[in-house]
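Got your viewer ready? Take a walk through this model with me, one selection at a time.

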Amino acid sequence: MSAGAKSWAFSLPTIASLIIKSGLKVYAVQRPELPLLSLHLIIPCGAEADPPGKAGLSNLLAEMLTLGTKKRSASQLAAEVDGLGATLSASSVWNSTSLHIFGLSEDFEHLMNLLLEIYFQPAFPPEEFEQLKQRRIAALVQQKDESQIIADERFQEILFRETPYDHPVYGTLDSLPPLLCEECREFYQRYILPAGSFLVVVGDLQAEPCFRWVEANFPSGIQGQSLGAGEFSAPSRSGVRSILIDRPDLTQSQIRLGHIGIPHAHPDYLPFEVMNYILGAGGFSSRLMQKIRSELGYTYGIRGSLEPRKHAGPFTISTFTPTETTYSCVQEIFSVIRSFMTHGATHQEREEAIHFLTGSYPMKFETLSQVAQRILQVELHGLGLEYLTIYPDRVSTITLEEMARSARMHLHPEEMLIVVVGRAEKFRRQFEQLGPVEMMA
Amino acid sequence: MTVVRSSASIGKSEVRGLPEFIEHRLANGLRVLVGEVHSLPVVSYQVHFAAGSRYERPGITGITHLFEHMMFKGTKELGPEEFSRIIQANGGTLNAFTTTDNTSYYENLPAAKLELAVRLEADRLENLRLTPESLEPEREVVRSERKLRSVNSPFGLLIEQLFALAYEQHPYRWPVIGWDPDLRNLTLEDCREYYRVHYSPPNAVVVVVGDVAADEVLRTVEKYYGHMASQPLPRLTIPKEKSQRGEKRAIFKKVSQVAAFFAAFHVPGITHPDLIPLQILCAVLSAGRSSRFFEKFEKPGKAVEVRAEMGYPPFFTMDPGLLQIYAIASPSISLDTLEREVWEEVEILGQELLSPEELLKVKKQSRSYFLQSLETMFFKGLLAGLYQVRAGDFRLLHTILPSYEAVNPDDVTRVARKYLRPENRTVVSLQPVSQREHEELGEVE
């Protein structure tokens, strides 16, 4: 089968950028197909800066920005945003905090003014803080019923123990109650608009008027403390170990299995991406899906993913299977990984992976938020805008040898952390054959 | 060849980003809709069948969805899952979904690869290979999917119970994924029969949206589907649901951290003019942080979540559907109190007219959300395909935005009084129990 000519031969949307007098970098991308606008103010400081014992502080702060300004109460602000048919969200992830407004392009100035007001004039009303905290706590209580979320969070928490990534970005039922509104305000003042912050505007708007408006209206002379290099040292490896979280009411187990991967800017990231398409990320083209779903019928879905982060993110194989097949499923996953590492990918698999990653590349620029996401990822992870242009060509040159090397260097079946949420007593003894087992409630 | 332009009967679409669809019917009855959009060199190829769980009968519930899975298991030429592998190897993404009213297959891929998608979709419409070896693992895959979506999800079984109680006769009373005993018993012969009856050219709509030339697309579709024989449309009698004449209630007990209730009101099907005012009503109650439910329940921490929803275009149901209102209680409030307060809030809609400002707000929200949904080729295609399958006319998609604009405060009050009556209401409450009680109640499946 031939996948034909370079199906990725498409032009990236023009990404204009400017550093305004205040030092802020602004990206603008014109997309005139629909009368819409997506605005993103990105602060390069996120949950990694949560002080010890204060998990969830930066995320709480992000949402507090949207709950009242010096000009408007939370209700007035919500009415203003909804009245424009817009959506407003603020959240922090590991390496960044983002303030996002999506609305109609006819309201550009109104939306931009709101964005500035929300970020630069937050009021931190104490009553809003207490209500928000109670909402977050109630949501965390409810999440204890979601076995997928429990599996994801426990996996990352244990994998990154004793690093800045060892807590859920939303905080925990222990960390949230004692947090104070004043701590939010102090966190905000310390890290307000640090070096490396930037603005992304995508939509039905020309770049030049956008730049002019931002230059004329963006406050200058504000710069908070930078987080610093924040060197990340991965915890030492400790062999295969299993954490079984007992949920006797479940009939199906949620399984997470993996280890710490490599940073997005690592030179082996792209060979790993192509290799992992074949192993676990390529849907029905992946080895894991072929074996675990199509051949064995153990699950509806299985996927291996390497999360792109500034520092090394998790490499995770995620699936679920009925209680009875839980251990067999994990054994088969190991078997697929080891076989893949021994025999490597075939020429055909390499070709197909490359054609998928390059051919589907234009679809990663279809919506305004996707375009913004591409820009903020390369900016935050230090890849440079040119990464977006060279990606298809670079991917197409990756060889079988590079992929094999990447698998040897960065896949570690002998160091897997396994987290299972399910009827632990039914398969505990089986898992003991793999290494130490820890039971958790 | 008869070609009809979508806007011919109702005036040209004013909406930027919504293409003008061209319609063509092959001699065998296959309907083709093509929308040219040249913003990116990609195309969405979709085949929508008038096959959903509404066409099933007791004993074979879930066959529509299981059969959707079987469509990936190979043809006379292709091995199992080879369809997916080939599309992906050509830069495409693909999937399928089954609902109460339609089963839809799609490939989003580089525009230059369109013919490949047409050829492969036509091949599996004609030459699907159904074998016991492919059915058995797929049956277990679907049972695993059922466990994921229903049995082990916090509210999945509760919602199944809600539909089973609200409907007494219509097939919407069983879940799209089917009941587990039926999934265990479905046979290869059931699958063959389903394929024979429902998978035919006149029972399908092909939609193509993207960087293509319409005349070339029509030639390609003709090339791969033109030789297929027509066949009569399935003759099925779908039982009509009778009017509900009093509130129905049930309790569902399971291990849970929270108490909750899920309620449903019968509302009309997709072509009825009351649906848009009802959608506006849902937005008044729960769209955004200035909505009534957020202000009254979520903001002060009485509830984790309170929502009113009944789908959005094009996902309104073909036959009379359900407007759902659900609330997940915070530990600080009893479920009875929360439910009483929610109904008090809903009653206000039937008693007091919306202010012009509030109506203006929800109209702008509805317009903005609709425009946002048009960002992808895929969704543009869904709009046309599902309006054709569910409402019988894809041109209705052009009426959505004008319909939002036409809603006035009286419409909202009227539909609130007409549909959100206690007599038309079904409520299922989630009552948390201990693990021991949970086990005493028997295994869930």
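Here is a short tour, from the meeting of two chains down to single helices and then out to domains.

Before you click: this is a predicted model, where local features need pLDDT of at least 70, side-chain atom pairs count only at pLDDT 80 or more, and totals for chains, interfaces and linings use all residues. Residues are numbered from 1 along each chain as its sequence is written, with chains lettered from A and ligands numbered from 1 in the order in which they are written.

**Stop 1: where the chains meet.** Colour chains A and B separately. You'll find 61 residues of chain A in contact with 61 residues of chain B (contact means C-beta atoms, placed from the backbone, within 7 Å). On the chain A side, H4(A) gives the largest share, seven residues. (Helices are DSSP runs of H or I with at least four residues, strands are E runs of at least two, and both are numbered from the N terminus.) By class, that side has 27 nonpolar, 23 polar and 11 charged residues. Here Ala, Val, Leu, Ile, Met, Phe, Trp, Tyr, Cys and Pro count as nonpolar, Asp, Glu, Lys and Arg as charged, and the others, Gly among them, as polar.

**Stop 2: a sheet in chain A.** Select S9-S10-S8-S11-S7-S12 of chain A: these six strands, in that order, make an open sheet with mixed pairing (two strands pair if DSSP finds at least two bridges between them). At the edges sit S9 (302–306) and S12 (437–440) of chain A, each pairing on one side only. Now pick S7 (241–246) and S11 (417–422) of chain A, which run parallel and are joined by six bridges. One to click is A:Arg241, whose bridge partner in S11(A) is A:Leu417. Next, show helix H15 (424–431) of chain A, lying across S7, S11 and S12 of chain A at about 170 degrees to S7(A). (Axes are lines fitted to C-alpha atoms, for helices over the stretch in contact, and angles run from 0 to 180 degrees between N-to-C directions.)

**Stop 3: a helix pair in chain B.** Which residues of H2(B) meet H3(B)? Show B:Phe83, B:Ile86 and B:Ile87 in H2(B), facing B:Ala117, B:Leu120 and B:Arg124 in H3(B). This contact has five nonpolar, no polar and one charged residues.

**Stop 4: two domains.** Finally, colour chain B as domain 1 (3–225) and domain 2 (248–440), with bounds from an automatic or database domain assignment. Their C-alpha centres lie 27 Å apart. The contact takes 42 residues from domain 1 of chain B and 32 from domain 2 of chain B.

Methods:
Two residues are in contact if their C-beta atoms, placed from the backbone, lie within 7 Å.
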